[in-house]
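Morning, everyone. I have one short structure to walk through today. Please look at the screen.

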Amino acid sequence: WLEEHNEPAAPTSAMSKPEITVTKMSKDEAESKHKISKWGTWGCEVSKFDWEYSGTETAYVLEGEVLVTPTGAWASCKPTKVEACDLV
């Protein structure tokens with residue numbers, strides 16, 4: 001899982017929470033378009049945990065998969081499966 005951290009997300013109202021955007025992309029294409037080899041790497045074993053983003057992030061999944069299930073203020077957003085070769 002490679003991540004690029006961007007500026008903090010603008011505040012959004014409960015009615016306008018953005019959905020997770022997933023784009024299938026080969027590693028070569030992700031490198032060409034986004035220079036992912038310069039991004040930090042993150043990983044973990046199979047687990048379940050709460051996660052909160054303080055800003056907008058872009059990630060490229062190298063291997064594995066995750067089901068992101070929004071909760072709390074984001075509960076109106078749909079669960080999203082993210083897997084290898086996805087840019088999110």
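Start with V82. You'll find V82 in strand β6, which covers residues 80-83. One thing to keep in mind: this model is predicted. Now, is V82 buried or exposed? V82 has 2% relative accessibility. The cut-off for buried is under 20% relative accessible area, so V82 counts as buried.

Next, look across to T23. V82 and T23 sit 59 residues apart along the chain. Their C-alpha atoms are separated by 9.4 Å.

That brings us to contacts across the whole chain. Take the contacts with a separation of 6 or more. Of those, 71% are between residues 24 or more positions apart.

What elements does the chain have? The count is one helix and seven strands. Read them off from the N terminus and you get β-β-α-β-β-β-β-β.

Back to burial, now for the chain as a whole. There are 88 residues, and 23% of them are buried. V82 is one of the buried residues.

Now the outside. The chain has an accessible surface of about 6600 Å². Carbon and sulfur atoms hold 55% of that surface.

Which residues make the nonpolar surface patch? They are W42, F49, W51 and Y53. The patch is about 430 Å².

Let's pick W42 from that group. W42 lies in a loop, between β3 (40-41) and β4 (57-60). Why does W42 count as partly exposed? Because its relative accessibility is 32%, and partly exposed runs between the 20% and 50% cut-offs.

So, two residues to remember. V82 is buried, and W42 is partly exposed. Thanks.

How values were computed:
Residues are numbered from 1 along each chain as its sequence is written. This is a predicted model: local features need pLDDT of at least 70, side-chain atom pairs count only at pLDDT 80 or more; totals for chains, interfaces and linings use all residues. Side-chain values use heavy atoms; hydrogens and water are left out. Patches are made of residues with over 30% relative accessible area and no salt bridge: like charges are joined within 9 Å, nonpolar side chains (Val, Leu, Ile, Met, Phe, Trp, Tyr) within 5 Å. Accessible areas come from the Shrake-Rupley method with a 1.4 Å probe; for residues, only the protein chains shown count as cover. A salt bridge is a side-chain nitrogen of Lys or Arg within 4 Å of a carboxyl oxygen of Asp or Glu. Helices (H or I, at least four residues) and strands (E, at least two) are DSSP runs, numbered from the N terminus. Buried means under 20% relative accessible area, exposed over 50%, partly exposed in between (1.4 Å probe, protein chains only). Contact means heavy atoms within 4.5 Å.
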